[in-house]
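Biologist: Let us go through this model term by term. For each label I would like the value and the cut-off behind it.

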Amino acid sequence: LIYGKRIRLRAIEREDLSLFVNWLNDPDVRAGLLHFLPYSLVDEEQWFSEMQKNPVEEHPLVIEIRQGEEWIPVGDCGFFKIDWRCRAGEVGILIGEKRFWNQGYGTEVMRLLLRHGFNTLNLNRINLDVYENNPGAIRSYEKAGFIHEGCRRKAMYKEGKYIDVLQMSVLKDEWKDALQEA
Ligand SMILES: CC(C)(COP(=O)(O)OP(=O)(O)OC[C@H]1O[C@@H](n2cnc3c(N)ncnc32)[C@H](O)[C@@H]1OP(=O)(O)O)[C@@H](O)C(=O)NCCC(=O)NCCS
């Protein structure tokens with residue numbers, strides 16, 4: 001398990017899948033994601049079986065928040081598209097329990113993922129894509145140390161509109177410098 005101050009990241013179990021389906025079917029959650037169609041438990045089970053064939057470093061992790069003595073699953077996150085030669089990888093995050101939004105958890109998850117990516121996986125670059133109309137996500141990535149590096153203009157289509165896809169990244173040296181300054 002990967003522990004932060006208020007959260008922990010753990011491997012996904014089959015029992016988690018129905019929670020994932022609920023989150024992915026919530027239009028507010030889905031607005032920031034690639035998903036655009038209603039999603040079933042069967043779809044999710046198929047995804048889970050396929051996902052097991054991916055490299056272990058790319059298996060998503062469940063985000064759990066500590067509430068008293070209990071750990072509550074609230075979302076998932078992880079690395080994908082890792083390029084081992086260039087030591088670069090992409091990250092993604094979803095907090096599906098909306099009552100936990102805007103309390104700094106997303107930022108904490110991203111900080112943990114950066115530590116994991118740089119110190120455990122030995123990556124040199126970590127990047128992500130985010131839609132221009134997702135200000136909460138953009139702000140949380142900036143707080144975690146991500147730099148704006150580009151924009152794919154009108155590359156996504158959602159809710160009847162073309163939207164820009166922003167590209168953000170952190171390099172290992174920048175991250176280490178920021179840690180020292182902190
Ligand atoms: C994106 C996501 C992970 C962010 O998690 P979170 O726990 O809410 O993030 P944080 O609380 O750490 O940071 C959010 C910041 O955005 C700010 N924010 C929220 N809504 C905002 C808005 N409409 N305009 C400007 N800032 C906004 C918050 O105030 C907070 O900043 P602050 O701490 O300076 O006040 C979460 O909203 C989520 O999972 N959304 C659904 C899936 C998704 O969109 N994933 C991202 C795909 S790229």
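Modeller: Start with Lys98 and Asp28, whose side chains meet in a salt bridge at 2.7 Å, N to O. Lys98 lies in the loop between strand E5 (88–95) and helix H4 (105–120), and Asp28 in helix H2 (residues 27–30), so the pair ties together parts that are 70 residues apart in sequence. Bear in mind that this is a predicted model.

Biologist: Why is the contact of Lys98 and Asp28 called a salt bridge?

Modeller: The term requires a side-chain nitrogen of Lys or Arg within 4 Å of a carboxyl oxygen of Asp or Glu. Lys98 and Asp28 have an N to O distance of 2.7 Å, so the pair meets the definition.

Biologist: What makes Lys98 and Asp28 partly exposed?

Modeller: Partly exposed covers the range between the buried limit, under 20%, and the exposed limit, over 50%. Lys98 has a relative accessibility of 34%, so the label applies. Asp28, with 47%, therefore also counts as partly exposed.

Biologist: Glu50 and Lys53 also meet in a salt bridge. Why do Glu50 and Lys53 carry the labels partly exposed and exposed?

Modeller: Their side chains are 3.0 Å apart, N to O. Glu50 has 47% relative accessibility and so counts as partly exposed. Lys53 has 62%, which is over 50%, so Lys53 counts as exposed.

Biologist: How do you know that Asp16 forms a salt bridge with Arg10?

Modeller: The closest N and O atoms of Asp16 and Arg10 are 2.9 Å apart, and the limit is 4 Å, so the pair qualifies. Both residues are buried. Asp16 and Arg10 also belong to a network of salt bridges that includes Arg8 and Glu64. A search of the whole structure gives 13 salt bridges.

Biologist: Why does Arg30 have no salt bridge?

Modeller: Glu159, the nearest side chain of opposite charge, is 6.1 Å away. A salt bridge needs nitrogen and oxygen within 4 Å, so Arg30 is left without one, although it is buried. Arg30 sits in helix H2. Beyond four places in sequence, Arg30 touches Leu24, Asn25, His35, Phe36, Leu37, Pro38 and Lys158.

Biologist: What makes Asp173, Glu174, Asp177 and Glu181 a negative surface patch?

Modeller: Asp and Glu count as negative. A patch takes residues with over 30% relative accessible area and no salt bridge, and joins like charges within 9 Å. Asp177, in helix H6 (residues 172–181), has a relative accessible area of 43%, so Asp177 passes the accessibility cut-off and is called partly exposed.

Biologist: Which residues form the positive surface patch, and what makes Arg139 accessible enough for it?

Modeller: The positive patch is formed by Lys5, Arg111, Arg139 and Lys143. Arg139 lies in helix H5 (residues 135–144). Its relative accessible area is 47%, and the patch cut-off is over 30%, so Arg139 passes.

Biologist: What is notable about phi of Lys81 and of Arg87?

Modeller: Phi of Lys81 is near 50°, a positive value in a residue other than glycine. Phi of Arg87 is likewise near 50° and positive, again in a residue that is not glycine. Lys81 is in strand E4 (residues 70–83), whereas Arg87 is in the loop between E4 and E5.

Biologist: Are Lys81 and Arg87 exposed or partly exposed?

Modeller: Lys81 has 59% relative accessibility, over the 50% limit, so Lys81 is exposed. Arg87 has a relative accessible area of 30%, so Arg87 is partly exposed.

Biologist: Why is Val165 called buried and Gln167 partly exposed?

Modeller: Val165 has a relative accessible area of 3%, which is under 20%, so Val165 is buried. Gln167 has 23%, so Gln167 counts as partly exposed. Val165 lies in strand E8 (residues 161–171), and Gln167 is placed in strand E8 too.

Biologist: Which residues is Val165 in contact with?

Modeller: Leaving aside neighbours within four places in sequence, the contacts of Val165 include Asp129, Tyr131, Gly150 and Met156. Val165 and Gly150 are 15 residues apart in sequence, and their C-alpha atoms are 8.6 Å apart. The contacts of Gln167, counted beyond four places in sequence, include Leu128, Ile147, His148 and Gly150.

Methods. Residues numbered from 1 in each chain as written. Predicted model: local features only at pLDDT ≥ 70, side-chain atom pairs only at ≥ 80, totals over all residues. Heavy atoms only, no water. Helix = DSSP H or I, 4+ residues; strand = E, 2+ residues; numbered from the N terminus. Buried < 20%, exposed > 50% of the residue type's maximum accessible area, 1.4 Å probe, protein only. Contact = heavy atoms within 4.5 Å. Patch = residues over 30% accessible without salt bridge, like charges linked within 9 Å, V, L, I, M, F, W, Y side chains within 5 Å. Areas by Shrake-Rupley, 256 points an atom, 1.4 Å probe, with all protein chains shown as cover. Charge placed at Lys NZ, Arg CZ, Asp CG, Glu CD.
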